[in-house]
Amino acid sequence: MTSHRLDLENVDIRIDGQPLVALDATIGPGEVLTVMGPSGSGKSTLLSFLAGFLDSAFEARGRVALDGRDITVLPAEERGIGLLFQDPLLFPHLSVAGNLRFGMPRHTPDKSRRIAQALDDVGLEGFGDRDPATLSGGQKARVALMRLLLSEPRAVLLDEPFSKLDTHLRQEMRELVFDHLHQAGLPSLLVTHDRDDAAAAGGRLIELAD
Amino acid sequence: MLLRLTPALIVTLLVGPIVAGVGMVLLPAFGYLPALGGDALSLAPWRALFAQPGLAHSVAVSLTSGLVTTAVSLAIVLLFLAGTSGSRLDRWLRRLVSPLLSVPHAAAAFGLAFLIAPSGLVARLLSPGITGWERPPDWLIVQDPWGLSLMAGLIIKEIPFLLLMSLAALPQLEVPRRVAMARSLGYRPTLAWLKVVAPALYPLIRLPVYAVIAFASSVVDVAMILGPTLPPTLAVSILEWFNDPDLSHRFLASAGAVLQLGVTLAALAGWWGLECLARRLGRRWIDAGQRRRGEGCLRRIGKSAMLATTLAAGLGLIGLALYSVAGFWRFPDALPDTLTPQHWLGTLPSLGGPVSTTLIIAASATLLALLLALAALENEQRSGKYPAEGRLLSALSLLYLPLIVPQIAFLFGLVVLLESLEARARMALVIFGHLLFVLPYVFLSLAEAYRRFDPRWSQLARTLGRSPNATFWRIRLPMLLAPVLTAAAVGLAISIGQYLPTHLLGAGRITTVTTEAVSLASGANRRVIGVWALVQASLPLLGFVIAIGVPRLLWARRRGLQGAP
Amino acid sequence: MPRLLATSTLSRAALLAGLVLAMPAVASPDLDDWNAVRDAARGQTVYWNAWGGDTRTNDYIDWVAERMAEEHDIDVVHVKVDDTSTAVSRVLAEKSAGNVTDGSIDLIWINGENFAAMKEHDLLYGPFAEALPHFALTRPDANPEMVTDFTLPTEGYESPWGKAQITFYYDSEEVATPPASIEALLDWAEAHPGRFTYPRIPDFTGSTFLKQALIALTDEREALYAPVAESDFEAVTAPLWDYLDALHPHLWRSGRQFPSSGPELRSLMGDGELALAFTFYPSEPAAAVADYELPESTRSYVLDEGTLGNVHFVAIPFNSPHKAGALVLADFLLSPKAQAHKQDIDVWGDRTVLDVAHLDADTQALFEVDDSNPAMLPADALQKTLPEPHPSWMTALQDAWLERYVDE
């Protein structure tokens with residue numbers, strides 16, 4: 001089991017000189033830091049900054065380090081930070097297995113066996129050849145989670161990942177996601193406006209002002 | 001990085017030749033053309049131009065056909081879209097967009113002329129039974145002095161274009177949500193669409209609309225077939241002066257070309273004025289808050305006008321197809337006396353060369369255009385710099401210059417320029433000439449889909465460890481395959497239809513189906529014209545079939561991509 | 001198939017490039033040594049710009065190209081133009097740009113105004129016609145029209161190719177006795193309103209109708225064979241305008257609109273809109289019947305007093321890079337074999353420029369005309385040929401017509 005740490009040092013994002021969001025935190029292995037706040041409080045901007053997609057209209061100061069290495073200016077694909085969106089966003093032109101394979105590092109040995117194993121883990125054995133469009137909402141969400149994990153990130157950002165699920169699925173997915181993140185020892189940052197998400201994550205909670 | 005240079009490259013590639021071409025026409029327009037003894041600048045060509053009988057009439061017809069064609073086409077497209085209810089007829093009409101777009105202008109014009117002429121298909125179907133005519137009546141319908149038949153011919157061709165451009169832009173407007181909102185406030189669906197969708201749609205299709213104005217005010221081939229003759233439209237007159245055996249008419253023709261540029265610009269300015277007026281009236285109409293009045297009427301107008309133009313185009317083509325296999329066909333017989341494969345058999349052996357040349361040129365120009373358009377759009381994505389919606393003055397909108405500046409105003413000048421540069425690679429020049437016109441349309445067709453593409457797909461791919469290049473090749477391109485192929489089909493259609501650039505830049509040596517069709521059309525043999533018009537229409541149609549078919553085949557097992565834009 | 005074509009075009013281009021590199025400035029061939037011309041022509045590609053609006057003409061040119069490849073190793077490419085003047089424009093553009101050795105046109109099908117314009121602006125190569133071995137068969141001393149184009153002496157700058165003459169045609173099922181003179185035409189039109197017209201000026205065929213009418217109506221016919229500047233245009237043409245003013249209300253569309261070209265007249269005849277029309281090509285009505293464009297009851301005739309006729313030619317632009325090839329082609333076009341094939345009504349039906357009566361008997365047999373086609377003119381009809389006026393008349397008549405009839 002690997003363990004990683006994500007440091008946000010004096011992060012301060014402004015637009016037109018006006019402060020939008022500021023944060024200073026360390027997220028340890030397997031830990032989930034929840035950031036809550038109303039719309040417009042800069043949650044998504046914070047995620048964009050951490051993932052490496054910040055629009056040039058914003059100015060950002062501070063430093064992001066992953067396992068002690070400064071990643072603030074690295075391009076998104078070299079940061080090692082994985083992302084889970086509201087929507088599962090399974091690539092519609094790839095099969096389920098193709099989606100999982102897409103995220104795997106190039107020299108991963110034995111890709112097919114790992115894919116089968118991952119599908120097994122979430123109760124989707126034999127789904128590899130399926131067209132993602134034929135999956136149910138819950139199934140898609142599970143494939144998206146597995147795609148994230150198979151890409152071997154060293155930290156994870158969660159952008160309201162449960163908000164579009166039905167109520168009965170929501171609790172199930174929360175458990176699944178947080179269990180897997182804990183097990184993988186990944187530091188995670190969850191952005192949400194749902195208190196139940198925060199409770200399920202079980203970690204620290206930061207509330208952003210309006 | 002190469003990508004970053006693309007916008008600059010595109011602008012140089014397109015603007016350079018046009019500016020140079022216009023320059024080379026300006027000189028003779030002011031009397032300077034040493035090869036014909038014009039050694040000094042003078043206003044003589046302009047005096048000669050303004051002394052031409054009927055010039056004012058020519059200019060007036062060109063100007064009004066630019067404005068009326070555009071206004072009517074746009075109104076029909078908007079009313080049709082507003083009243084569209086997903087009925088079978090609606091879907092059928094929408095599906096006909098691409099095939100109609102692939103019919104060359106001249107072919108559609110021939111078809112319409114044969115449909116509505118006193119000896120045409122309609123008169124034949126009604127005679128002698130209903131009309132009692134044994135001889136065609138001596139009525140002035142086609143080539144009327146007011147240019148009405150010319151405008152009708154242009155409207156038939158411009159509607160599919162504006163409809164395709166609108167259908168491409170609509171998805172980003174979240175139409176169902178907007179209409180639902182307005183309906184919940186008590187508006188009938190058609191009025192809801194016109195009041196909440198149309199004002200948002202117009203800025204997105206403004207450039208295509210401007211292209212229609214420019215085209216309709218300067219078109220040559222359609223005007224020769226359907227336009228007035230005494231005098232003809234300005235563009236046709238200019239071509240006649242350029243082709244006059246008396247070489248001193250070249251000065252006059254050059255001045256005319258400059259005047260044509262002015263007429264087109266005046267039409268654009270006039271449209272801009274109409275836009276302001278429409279905005280003011282439209283706002284008052286929206287503010288007035290009628291929710292029901294006129295809705296049924298508007299819907300019926302839109303639908304029946306769309307149906308009528310589609311039928312006219314279709315029947316015209318059927319007429320041409322009939323002629324291509326017709327033996328002697330006496331008036332008022334509805335069908336030819338005999339059918340014969342003779343016209344096709346005579347043509348087939350000479351088809352191979354022109355068809356392969358046409359395809360080589362069209363494929364090269366389209367491929368180059370796609371590369372440039374994709375590079376520019378990808379650069380936009382990566383740099384995060386988007387042109388503001390509907391804004392006209394961003395550098396890249398110079399891309400549309402070739403659609404605005406009439407061909408006749410710069411191509412002759414461009415030929416002289418290229419000659420003096422000793423550029424003799426005819427094939428390359430022709431491909432380049434086509435690129436001038438293909439690129440804007442390809443860009444126009446592709447840009448909306450590309451810019452609308454959900455950025456989260458690419459972000460996701462990046463966080464999964466893929467480089468921007470891999471993201472482009474493995475995510476964006478395959479997911480945008482359908483719009484890319486549609487843009488390619490539009491590009492092919494545009495290239496296949498080009499006459500002047502092929503003829504002038506190729507020194508006549510490059511023979512395409514269109515140059516062949518035009519030179520044969522001068523023989524006025526309607527049977528031969530029918531054969532070539534069908535050949536000319538079938539090539540771009542092939543492109544559209546591929547554009548629709550390949551994604552369906554490729555993504556047969558991927559439901560998520562079916563019905564994608 | 002397309003691939004094969006593409007490759008051969010490519011290799012041809014490569015070959016061409018090689019030749020051009022090897023001989024940078026192609027010197028004009030030595031016309032006194034025909035064998036040398038023929039040798040120089042071997043392997044050349046000759047771009048022949050010729051009107052491409054008629055499938056029969058195009059097919060005939062294809063036949064010529066085959067013969068040239070076989071017999072002379074010359075690759076003839078028919079550059080189809082919709083109007084000869086586009087070819088003139090091209091040469092002019094090349095001259096403007098200083099291209100004096102590597103033009104894109106080697107041979108042009110031309111006559112009349114276009115020839116006059118090119119000659120005036122030094123756009124032609126020559127004189128060369130006298131040097132063509134077959135040229136003598138036209139017997140220019142006895143047939144001055146072979147060296148005269150619209151009254152202008154050709155001075156060897158073009159070589160004759162075929163003959164054209166205004167020929168009227170009508171549907172015999174509908175018209176029993178067509179008008180036999182320009183004056184009778186007016187009465188006929190009054191009796192049959194809307195069934196006759198002529199192409200819109202400045203179309204070539206339409207302008208020819210004006211000249212035909214002017215010759216018949218004016219009192220000063222000789223004036224037409226000198227430049228227009230030398231006579232009183234108003235006085236000479238007054239009867240023409242009176243005539244047209246009287247004729248127009250009875251024309252097709254009441255003279256408010258005119259067809260755009262000669263071929264369009266034929267199309268209107270096929271539609272039954274017109275009952276009487278005319279053409280410059282005597283074989284056109286018969287060919288159109290064979291192509292199902294006109295009814296089998298179509299008949300041709302010429303006016304009693306004769307109709308305008310002229311000769312069409314081929315000329316070589318001053319900057320043609322393949323003059324030797326163009327010369328050999330021009331000579332081949334004059335050969336009895338090529339001329340006889342061209343005159344065959346099943347091929348094209350364009351009349352020969354050779355003086356058939358002076359050919360040897362075997363060769364004469366090649367030119368025997370088949371009289372059985374009812375749509376064809378009787379062979380003797382074309383004896384009554386009126387010569388073309390000076391080209392300046394055409395321009396002056398066109399300007400005056402436009403001034404008078406284009407509504408402001």
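The side chain of B:Asp144 has a polar atom 3.0 Å from the backbone nitrogen of B:Gly147. That side chain also reaches the backbone nitrogen of B:Ser149, at 2.8 Å. These distances come from a predicted model.

Where does B:Asp144 sit in chain B? Find the loop between α7 (121-126) and α8 (148-169) of chain B; B:Asp144 lies there. Now look at its surroundings. Neighbours within four places in sequence are left aside here, and B:Asp144 is then in contact with B:Ser149, B:Leu226 and B:Pro228. B:Ser149 therefore appears twice, once as a contact and once through its backbone nitrogen, and a contact here means heavy atoms within 4.5 Å.

Is B:Asp144 buried or exposed? B:Asp144 is buried, yet it has no salt bridge. The nearest side chain of opposite charge belongs to C:Arg256, and that is 9.3 Å away. A salt bridge needs a nitrogen of Lys or Arg within 4 Å of a carboxyl oxygen of Asp or Glu, so a gap of 9.3 Å does not qualify.

Other charged residues do pair up. How many salt bridges does the structure hold? Over all chains, there are 46. Three of these pairs are worth a visit.

Start in chain A. A:Arg174 forms a salt bridge with A:Asp194, and their closest N and O atoms are 3.1 Å apart. A:Arg174 belongs to helix α5 (residues 167-184) of chain A, while A:Asp194 is in the loop between β8 (188-192) and α6 (195-201), so the pair ties together parts that are 20 residues apart in sequence. A:Arg174 counts as buried because its relative accessibility is 4%, and the cut-off for buried is under 20%.

Next, cross from one chain to another. C:Glu174 and B:Arg135 meet through their side chains in a salt bridge, at 3.2 Å from N to O. C:Glu174 is in the loop between β7 (167-171) and α6 (182-191) of chain C, and B:Arg135 is in the loop between α7 and α8 of chain B, so this pair joins two chains. C:Glu174 has a relative accessibility of 30% and therefore counts as partly exposed. B:Arg135, at 29%, counts as partly exposed too. The loop between α7 and α8 of chain B is also home to B:Asp144.

The third pair stays within chain C. The side chains of C:Lys119 and C:Glu155 form a salt bridge of 2.8 Å, N to O. This pair links distant parts of the chain, 36 residues apart. C:Lys119 is in helix α5 (residues 112-120) of chain C, and C:Glu155 is in the loop between β5 (152-153) and β6 (158-165). C:Lys119 is partly exposed at 24% relative accessibility. C:Glu155 is partly exposed as well, at 48%.

Salt bridges can also share partners. A:Asp87, A:Lys164, B:Asp454 and B:Arg456 are joined in this way into one network.

What about disulfides? A search of the whole structure finds zero of them over all chains. Two cysteines of chain B show how accessible such residues can be. B:Cys276 is partly exposed, at 29% relative accessibility. B:Cys297 is partly exposed at 44%.

Finally, step back to view chain B. It is divided into domain 1 (61-231 + 267-340) and domain 2 (342-405 + 424-565). How many Å separate the centres of domain 1 and domain 2 of chain B? Taken over C-alpha atoms, the separation is 24 Å. The domains also touch: 35 residues of domain 1 of chain B are in contact with 28 residues of domain 2 of chain B.

Notes: Residues are numbered from 1 along each chain as its sequence is written. Chains are lettered from A and ligands numbered from 1 in the order in which they are written. This is a predicted model: local features need pLDDT of at least 70, side-chain atom pairs count only at pLDDT 80 or more; totals for chains, interfaces and linings use all residues. Side-chain values use heavy atoms; hydrogens and water are left out. Helices (H or I, at least four residues) and strands (E, at least two) are DSSP runs, numbered from the N terminus. Buried means under 20% relative accessible area, exposed over 50%, partly exposed in between (1.4 Å probe, protein chains only). Lys and Arg count as positive and Asp and Glu as negative; His and the chain ends are not counted. A polar contact is a pair of N or O atoms within 3.5 Å; within protein, one must be able to donate a hydrogen and the other to accept it, and residues adjacent in sequence count only if both atoms are side-chain atoms. A disulfide is a pair of cysteine sulfur atoms within 2.5 Å. Domain bounds come from an automatic or database domain assignment.
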